[in-house]
Amino acid sequence: MEEVKKILDYKLKKLLGDKAKSVTDEDKEFILAQAKSKIQAYCHRLDMPKPIYYIWVDMAIEILKINDSKLFEKDSMSEEEMSKRVTSVKAGDTTISLDAGSTDDTIDTGYSPNANDDALLNSFAKQLMAFRKFPGGCGCGLDGI
């Protein structure tokens with residue numbers, strides 16, 4: 001679990017910069033536990049193999065993004081982003097028009113924002129397919145085994 005926490009800390013620092021410090025250890029434990037539970041249920045596993053750690057962290061970050069979306073809002077626009085949004089400039093009485101609808105004010109984590117658990121799990125389904133096992137009790141007999 002320590003290795004997964006290190007990966008999470010690194011990715012949060014890269015995504016959020018200084019705002020990553022505001023994510024408490026308790027929050028990290030919660031999102032990692034929730035992501036682990038979802039992965040284990042989907043993959044019919046009790047273990048978490050090492051190659052799944054990065055998927056685990058990515059899912060935990062998406063859970064954090066759902067639970068605390070304010071963390072993932074961009075603080076300010078760079079000059080380049082601002083210049084892309086300027087649609088017109090008028091010198092007399094200074095009028096500057098911005099295109100407000102063309103940019104997203106959230107940090108891109110690489111996955112689409114999902115409002116519910118099924119959509120979240122579906123966004124990781126292709127990556128998790130390699131780790132899925134057959135569930136116990138495949139229905140071959142009357143006793144479920």
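Does Asp-9 count as buried, partly exposed or exposed, and what is its relative accessibility? Select Asp-9 and keep that puzzle in mind as you start the tour. The model in your viewer is a predicted one.

**Stop 1: Asp-9 and its partner**

Here is the solution: Asp-9 counts as partly exposed, at 35% relative accessibility. Now add Lys-28 to your selection. Asp-9 and Lys-28 form a salt bridge, and their closest N and O atoms are 2.6 Å apart. Asp-9 belongs to helix H1 and Lys-28 to helix H2, so this pair ties together parts that lie 19 residues apart in sequence. Unlike its partly exposed partner, Lys-28 is buried, because its relative accessible area is 14% and the cut-off for buried is under 20%.

**Stop 2: a small network**

Next, select Glu-2, Lys-5 and Glu-29. Start with Lys-5 and Glu-2, whose side chains meet in a salt bridge at 4.0 Å, N to O. Both sit in helix H1 (residues 2–16), and being three residues apart there, they are separated by about one helical turn. Glu-2 is exposed, with a relative accessible area of 52%, while Lys-5 is partly exposed at 22%.

Now turn to Glu-29. This residue forms a salt bridge with Lys-5 too, and here the closest N and O atoms are 2.4 Å apart. The pair links distant parts of the chain, with Glu-29 in helix H2 and Lys-5 in helix H1, 24 residues apart. Glu-29 is partly exposed, with a relative accessible area of 36%. Which residues do salt bridges with shared partners join into one network? They are Glu-2, Lys-5 and Glu-29. The whole structure holds six salt bridges.

**Stop 3: along helix H2**

Select residues 25–43, which make up helix H2. You can check its length yourself: at 1.5 Å a residue, its 19 residues should span 27 Å, and the end C-alpha atoms are 26 Å apart, which agrees. Try colouring the buried residues of H2, among them Ile-31, Leu-32, Ala-35, Ile-39, Tyr-42 and Cys-43. Just after the helix comes His-44, whose phi is positive, near 55°.

**Stop 4: a patch of negative charge**

Show the surface and select Asp-25, Glu-26, Asp-27 and Asp-68. These residues gather in a patch of negative charge on the surface. Where does Asp-68 lie? Look in the loop between helix H3 (53–67) and helix H4 (79–85). Asp-68 is partly exposed, with a relative accessible area of 33%.

**Stop 5: helix H3**

Select residues 53–67 to pick out H3. From its first C-alpha to its last, this helix of 15 residues reaches 21 Å, close to the 21 Å expected at 1.5 Å a residue. How many of the 15 residues of H3 are buried? The count is 12, so H3 is largely enclosed by the rest of the structure. The buried residues of H3 include Tyr-53, Trp-56, Val-57, Ile-61 and Leu-64, and also the charged-type side chains Asp-58, Glu-62 and Lys-65.

**Stop 6: across to helix H5**

Stay on H3 for a moment and select Met-59, another of its buried residues. Then add Ser-123, which is found in helix H5 (residues 117–128). The two residues are 64 apart along the chain, and 9.1 Å separates their C-alpha atoms. Ser-123 is partly exposed, with a relative accessible area of 27%.

Notes
Residues are numbered from 1 along each chain as its sequence is written. This is a predicted model: local features need pLDDT of at least 70, side-chain atom pairs count only at pLDDT 80 or more; totals for chains, interfaces and linings use all residues. Side-chain values use heavy atoms; hydrogens and water are left out. Patches are made of residues with over 30% relative accessible area and no salt bridge: like charges are joined within 9 Å, nonpolar side chains (Val, Leu, Ile, Met, Phe, Trp, Tyr) within 5 Å. Accessible areas come from the Shrake-Rupley method with a 1.4 Å probe; for residues, only the protein chains shown count as cover. The place of a charge is taken as NZ of Lys, CZ of Arg, CG of Asp or CD of Glu. Helices (H or I, at least four residues) and strands (E, at least two) are DSSP runs, numbered from the N terminus. Buried means under 20% relative accessible area, exposed over 50%, partly exposed in between (1.4 Å probe, protein chains only). The expected span of a helix is 1.5 Å times one less than its number of residues.
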